[in-house]
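Here are a few exercises on charged pairs and surface exposure. Have a go at each one before reading its solution.

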Amino acid sequence: GRRNDRLSFEYQEKIGRRLGYKDRKDLLSVEQFMAKLHTSMASIKSLNRSFLKTHLPKAKGVARTFQTFDAIEDLHIHQGEIGFKSATDILSNSFLLMSIFEQSSHSGCPLSMEARRLVQEFLFLVDDAFRSSKKTIRSFLNIITGKKTFETLSQMHEIGFLSLFVPEFGKITDRVQFDAYHIFPVGRHSLETVRRLKGIHAQKEMLLLDIFLELSNPEPLFLAGLFHDIGKVGKEHAIKGAEITDNILRRF
């Protein structure tokens, strides 16, 4: 008798069956349904953000700012958002596709809607050469160990960039585990893990903080958090995940 926009756990199986999803050897019908639901909701969220950004009038009194990065001449910050100076620059320098995320992480400024659109348009440049580039990999690791890691990875995830840069991650992006404990799809769950690890200093559990501060290099911990469920594409996911992660880190 009251509004409650929540798809309760006990209804998910029933709705999945009514929508015609069938159990597969590797995936339950409800998991297929929930994966499709999360993908659709992400698309709606992106469309909604784009619509509001385009059509809502900007708040009065907001100062117009324009800043060019000294190190990256092809990027700029305008009204608190980061963007490309020119689309043609991306074709001649595909590294900008990673660099804009690194600079977003460093500055705390999100990508503009136009920048997000251009990244999606040029995703075809994220090929094997791009993935194995030392410069690109170092830039990605700077995001992992730097500021605003969760926010930046979330942008990469939403745009589809992360799944192309780490194809193994793409296989678990919308994977859903049907149980009472996992709220998010595996991909999002992995990003939330990184967020918790990066926010240990803000938690009240002093033992965790003491252990964390003893780490001489937290980079392996953050990568472990990002890839800890990457083997969840079948049974024995821990063993499978270790093998997959080993391949990713060798590539890195």
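**Exercise 1.** In this predicted model, work out how far apart Arg-188 and Glu-192 are along helix H11, and say whether each is buried or partly exposed.

Solution. Start with the helix: H11 covers residues 186-198, and the two residues sit four apart in it, so about one helical turn separates them. Next, check the side chains: they meet in a salt bridge, at 3.7 Å from N to O. Now for exposure. Arg-188 has 21% relative accessibility, so Arg-188 is partly exposed. Glu-192 has 13%, and buried means under 20%, so Glu-192 is buried.

**Exercise 2.** Find which parts of the chain the pair Glu-168 and Arg-251 ties together.

Solution. First, the contact: the side chains of Glu-168 and Arg-251 form a salt bridge of 2.9 Å, N to O. Then place the ends: Glu-168 belongs to helix H10 (residues 167-170) and Arg-251 to helix H14 (residues 237-251), so the pair links parts 83 residues apart in sequence. Finally, Glu-168 is buried at 17% relative accessibility, while Arg-251 is partly exposed at 28%.

**Exercise 3.** Describe the pairing of Glu-114 with Arg-117.

Solution. Their side chains meet in a salt bridge, 2.6 Å from N to O. Both lie in helix H5 (residues 113-121), three residues apart, so they're about one helical turn from each other. As for exposure, Glu-114 is partly exposed at 41% relative accessibility, and Arg-117 is partly exposed at 39%.

Terms used. Residues are numbered from 1 along each chain as its sequence is written. This is a predicted model: local features need pLDDT of at least 70, side-chain atom pairs count only at pLDDT 80 or more; totals for chains, interfaces and linings use all residues. Side-chain values use heavy atoms; hydrogens and water are left out. A salt bridge is a side-chain nitrogen of Lys or Arg within 4 Å of a carboxyl oxygen of Asp or Glu. Buried means under 20% relative accessible area, exposed over 50%, partly exposed in between (1.4 Å probe, protein chains only).
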